[in-house]
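Grab a viewer and work through these exercises at your own pace. Each one sets a task and then walks through a solution.

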Amino acid sequence: MPHFEIEKSLSITGLIAGTDEAGRGPWVGPVVAAAVCFPNLEVSSELASELNDSKKLSAKKREKLFNKIYASNALIGIGQASAQEIDSINILQASFLAMRRALEQIEKKGNFVDFVLIDGNRKPSWKWSCQTVIGGDGISLSIAAASIIAKVTRDRLMCVLAEEYPMYGWDKNAGYGTKAHIEGLKKYGVTPYHRKTYAPIARLLSSTKE
């Protein structure tokens, strides 16, 4: 279960943010990142016992924890990078851009972030001191909370986009390449929200030009 051992080992007295993103794999929509700080590394035992990697939780459980995190003492920032930005700078850099925007959102409220823990194994070039943590959403409470905030936020965004384009099943598949999504693409084509540099979309666009 996630804990604060990594955060405590840093011997930092200021704010430590955990960051994670959701939506690197889907063919459509933004990539969304969240940053979460628990001031003084304090969280209720109940919440600490429930937090985990968002992928290991049901959608219903994630929604409940999303609300509990917001009701806690946590400082939360959310950022996103659009499909156009993903196509322009690639998904890794777009993920880092979304993380930066999430951290900046926390700092705009007057809270200076001293250190950042990043889920994964790649470090961005930015102003914050940081450390990568492979599988961090299952290790660090800060990252686990960020993974839940990012996932729920993105799923909700995809439901909104599905209202505009109901033919692809985004409210159910979150933009991944499911059968319903593929059938929608074959029948209705590519939307402005699709990531045009992703291979399946690029192939479809290429075939329609021929």
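**Exercise 1. Find how many aromatic pairs a search of the whole structure gives, then classify the pair Y165 and Y193.**

Solution. Keep in mind that this is a predicted model.

Step 1: searching the whole structure turns up eight aromatic pairs.

Step 2: for Y165 and Y193, the centre-to-centre distance is 5.9 Å and the planes make an angle of 80°. Planes over 60 degrees apart count as edge-to-face, and that is the class of this pair.

Step 3: place the two rings on the chain. Y165 is in the loop between α6 (141-164) and α7 (170-173), while Y193 is in the loop between α8 (179-188) and α9 (199-209). They are 28 residues apart, so the pair links distant parts of the chain.

Step 4: check accessibility, with buried meaning under 20%. Y165 has 19% and counts as buried, whereas Y193, at 27%, counts as partly exposed.

**Exercise 2. Work out what kind of pair Y168 and Y188 make, and which cluster they belong to.**

Solution. Step 1: the ring centres of Y168 and Y188 are 6.5 Å apart and the planes sit at 65°, so this pair is edge-to-face.

Step 2: Y168 lies in the loop between α6 and α7, and Y188 in helix α8, 20 residues apart; this pair links distant parts of the chain.

Step 3: Y168 is buried at 1% relative accessibility, but Y188 is partly exposed at 46%.

Step 4: put the rings together. Ring pairs join Y165, Y168, W170, Y188 and Y193 into a cluster.

**Exercise 3. Sort the residues of helix α3 into its buried side and the face turned away from it.**

Solution. Step 1: start with the helix itself. α3 covers residues 59-71, 13 in total, and spans 19 Å from first C-alpha to last, close to the expected 18 Å.

Step 2: list what is buried, namely R62, L65, F66 and I69. These residues cover an arc of only 115° around the axis, so they are on the same side of α3.

Step 3: flip to the face turned away from that buried side, and you find the exposed residues K60, K64 and A71.

Step 4: ask what the buried residues pack against: α2 (45-50), β3 (75-81) and α6. For F66 there's an extra detail, as the charged end of R156 sits over its ring, 4.3 Å from the centre.

**Exercise 4. Describe helix α5 from one end to the other, then say whether A102 is buried or exposed.**

Solution. Step 1: α5 takes in residues 91-108, 18 of them, and reaches 25 Å between its first and last C-alpha, close to the 26 Å expected.

Step 2: look at the ends. At the start, a side-chain oxygen of N90 comes to within 3.0 Å of the backbone nitrogen of L92. Just after the helix, G110 has a positive phi of about 90°.

Step 3: see what surrounds α5. Its buried residues, including L92, F96, M99 and I106, pack against β1 (15-22), β2 (31-37), β3, α4 (83-89) and β4 (113-119).

Step 4: zoom in on A102, which is in α5. A102 counts as buried because its relative accessibility is 0%. Setting aside neighbours within four places in sequence, A102 contacts A33, A34, A35, G77, I78 and G79. The C-alpha atoms of A102 and A150 are 9.9 Å apart, with their positions 48 residues apart along the chain.

Key. Residues are numbered from 1 along each chain as its sequence is written. This is a predicted model: local features need pLDDT of at least 70, side-chain atom pairs count only at pLDDT 80 or more; totals for chains, interfaces and linings use all residues. Side-chain values use heavy atoms; hydrogens and water are left out. Rings of Phe, Tyr and Trp (its six-membered ring) pair if their centres lie within 6.5 Å; planes under 30 degrees apart count as stacked, over 60 as edge-to-face and the rest as tilted. Helices (H or I, at least four residues) and strands (E, at least two) are DSSP runs, numbered from the N terminus. Buried means under 20% relative accessible area, exposed over 50%, partly exposed in between (1.4 Å probe, protein chains only). A charge sits over a ring if NZ of Lys or CZ of Arg is within 6 Å of the ring centre and within 35 degrees of the ring normal. The expected span of a helix is 1.5 Å times one less than its number of residues. The arc is that of the directions from the helix axis to the C-beta atoms. Contact means heavy atoms within 4.5 Å. A polar contact is a pair of N or O atoms within 3.5 Å; within protein, one must be able to donate a hydrogen and the other to accept it, and residues adjacent in sequence count only if both atoms are side-chain atoms.
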